[in-house]
Amino acid sequence: MKTGLNPFVYNHPIDPPDLIDRDAESQMLATLAQEGNHARLTAPRRYGKTSLLRKVLADCDRLGMPTAYVDFFGIQTAADVVHRLDGGYRASFHGPFRKFAEALIRSIQPQVSFSAEGATISMGISRDDRQSLDRLQTLLDLPVKLFEKTGVRAVIAFDEFQSLLGAGPNLDGFLRSRIQAQTKEATYLFAGSHPGMMRELFSNRERPLFGQARPVVLGPLADADLYLYIAEHFELTGKDSGSALGRLLDVVVGHPQRAMLMANRVWDETEPGAVADEEVFVRALDGVIADHAEAFESEWRRLNVSDRRLVSALATGVGPFSAEAKSRFGIAPGSVEASRRRLLDDGVIADAGGGRTSYLVDPLFGIWVRSLLG
Ligand SMILES: Nc1ncnc2c1ncn2[C@@H]1O[C@H](COP(=O)(O)OP(=O)(O)OP(=O)(O)O)[C@@H](O)[C@H]1O
Ligand SMILES: [Mg+2]
């Protein structure tokens with residue numbers, strides 16, 4: 001590890017060796033994949049879903065299974081689904097499976113190619129839905145063809161899967177019709193960053209994928225694991241995380257990305273060879289909050305009045321049904337449940353479980369809201 005380089009990554013999915021903990025979850029997902037049980041990762045935003053999917057795929061690769069990763073972020077039409085599947089499958093299926101997958105994709109006509117500028121263009125594919133669906137069907141059936149050649153079950157990860165809901169009516173029904181016959185040929189892992197839409201896809205009895213994938217929950221990271229990782233990476237790069245680390249852990253309450261973001265900033269604020277103290281921590285926190293002020297403000301503006309009130313109560317630790325919630329924030333007890341549902345669906349809050357009140361997913365947003373309230 002290079003001394004002068006910040007070791008904490010916070011703005012993109014991380015490589016499997018850098019993953020803190022998540023052993024139980026990755027083992028469970030790899031086992032489900034081998035057994036042929038589809039799974040869906042349920043977790044708040046930025047809890048490490050994509051990073052974990054990549055680790056599970058790498059583990060399955062090592063077990064000798066063909067693997068593929070497809071990111072559906074931002075898709076808007078059935079044709080987009082086709083492009084993403086095509087691109088994802090072309091970049092996947094490593095090792096001995098590569099040549100079979102490549103040949104199969106190439107045999108599917110018409111071909112998709114990319115313009116010189118990197119913008120996707122389609123050659124010979126009309127945007128007509130029928131054609132898109134034909135091609136979608138062929139791509140979705142690729143694991144079946146691969147199995148005919150290799151006799152090995154494939155593991156396919158669909159990330160940002162909730163985007164499918166906005167890409168065309170009944171695409172989830174179409175998907176189900178293709179994958180339900182692939183009992184020996186493929187296991188699917190689904191992940192998404194919008195809890196409400198993922199719930200709609202998999203937990204609404206009316207929808208085709210209802211009950212089709214085992215939920216695997218990703219919770220916050222344990223303080224002890226974060227402590228060891230952060231302290232060690234400070235040491236390896238010639239710095240001491242000192243008393244700042246305790247403060248950091250208290251603030252981020254196990255949120256994986258927020259922990260790495262704060263660790264990154266505290267590291268930046270610490271001189272080479274020096275110890276990170278209270279003062280360093282405060283400087284780092286103020287800097288991060290200032291950097292995110294615009295994003296927090298637009299998140300706040302998106303909320304309606306009653307949702308803002310509930311967020312304010314949760315940010316300040318005031319019970320939503322208490323007299324203080326009513327007097328200080330004007331919360332009408334009758335509106336709490338509707339707000340709670342909306343905020344849960346949007347991933348702004350999460351359920352603590354066990355009858356405890358919900359909590360704000362992003363602890364830094366909570367700090368910003370508190371500063372707004374004065
Ligand atoms: N287990 C972990 N160990 C260390 N850092 C983690 C872990 N999980 C997540 N992170 C941190 O969170 C960041 C985001 O991870 P990732 O992109 O995998 O999350 P995500 O849940 O897919 O996010 P999104 O909801 O935006 O799709 C990483 O850059 C890293 O800083
Ligand atoms: Mg992700």
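Okay, domains to begin with. The assignment for this chain gives three of them: domain 1 covers 22-217, domain 2 covers 221-302, and domain 3 covers 303-374. Keep in mind that we're looking at a predicted model here. For domain 2 and domain 3, the C-alpha centres lie 25 Å apart, and the contact takes 16 residues from domain 2 and 16 residues from domain 3.

Now the sheet. How are its five strands ordered? Going across, you read E2-E5-E6-E1-E7, and this is an open sheet with parallel pairing. At the edges stand strand E2, residues 67-71, and strand E7, residues 214-217. Each of those has a single partner strand, so one side of each is left without a neighbour in the sheet. From one strand to the next, the twist averages 20°.

Let me zoom in on one of those pairings. Strand E1, residues 39-42, runs parallel to E7, and four bridges join them. If you want a spot to click on, try Arg40, which stands opposite Pro215 in E7.

And what packs on this sheet? Helix H2, residues 49-62, does, and it touches E1, E2, strand E5 at 154-159 and strand E6 at 186-191. The direction of H2 makes about 160° with that of E2.

While we're on H2, there's a salt bridge within it worth a look. The side chains of Asp59 and Lys55 meet at 3.2 Å, N to O. Both residues lie in helix H2, four residues apart, about one turn of the helix. Buried or exposed, those two? Both Asp59 and Lys55 are buried.

Right, on to the nonpolar cores. The largest one has 51 residues, and the members that touch the most others are Ile230, Leu248, Met262, Val266, Val311 and Leu364. Which helices feed it? At least two residues come from each of these: H9 (223-236), H10 (244-252), H11 (256-269), H12 (278-302), H13 (305-316), H14 (323-329), H15 (333-346) and H16 (363-373). H12 gives the largest share, eight residues. In domain terms, this core draws at least three residues from each of domain 2 and domain 3.

Take Val311 as a case. Leaving out residues up to four places away in sequence, Val311 touches Trp300, Leu303, Leu343, Val348, Leu360, Phe365 and Val369.

There's also another core, lying apart from that one, with 38 residues. Among them are Val70, Phe93, Ala186 and Tyr188. If you put that next to the strand ranges, Val70 falls within E2, which spans 67-71, and both Ala186 and Tyr188 fall within E6, which spans 186-191.

Back to charges. How many salt bridges does the structure hold? The count is 24. Two more of them deserve a slide.

One is Arg302 with Asp346, side chain to side chain, at 3.5 Å, N to O. Arg302 lies in helix H12 and Asp346 in helix H15, so the pair ties together parts that are 44 residues apart in sequence. Arg302 is exposed, with a relative accessible area of 52%, while Asp346 is partly exposed at 34%.

Then there's Arg342 with Asp307, at 2.8 Å, N to O. Here Arg342 sits in helix H15 and Asp307 in helix H13, so this pair ties together parts 35 residues apart in sequence. Arg342 has 36% relative accessibility and counts as partly exposed, whereas Asp307, at 4%, counts as buried.

There's a network as well: Arg265, Glu269, Glu279, Arg283 and Asp291 are joined into one by salt bridges that share partners.

Last bit, the backbone. Most residues other than glycine have a negative phi. So where do we find positive ones? Asp21 is one of the residues to look at, with phi near 55°. Asp21 is found in the segment before helix H1, which covers 23-35, and is partly exposed, with a relative accessible area of 33%.

Glu160 also has a positive phi, about 50°, and is not a glycine either. You'll find Glu160 in the loop between E5 and helix H7, the latter at 171-179. Unlike Asp21, which is partly exposed, Glu160 counts as buried, at 13% relative accessibility.

Conventions. Residues are numbered from 1 along each chain as its sequence is written. Chains are lettered from A and ligands numbered from 1 in the order in which they are written. This is a predicted model: local features need pLDDT of at least 70, side-chain atom pairs count only at pLDDT 80 or more; totals for chains, interfaces and linings use all residues. Side-chain values use heavy atoms; hydrogens and water are left out. Two strands pair if DSSP finds at least two bridges between them. Axes are lines fitted to C-alpha atoms, for helices over the stretch in contact, and angles run from 0 to 180 degrees between N-to-C directions. Contact means heavy atoms within 4.5 Å. A nonpolar core is a set of buried Ala, Val, Leu, Ile, Met, Phe, Trp, Tyr and Cys residues joined through side-chain atoms within 4.5 Å. Buried means under 20% relative accessible area, exposed over 50%, partly exposed in between (1.4 Å probe, protein chains only). Domain bounds come from an automatic or database domain assignment. A salt bridge is a side-chain nitrogen of Lys or Arg within 4 Å of a carboxyl oxygen of Asp or Glu.
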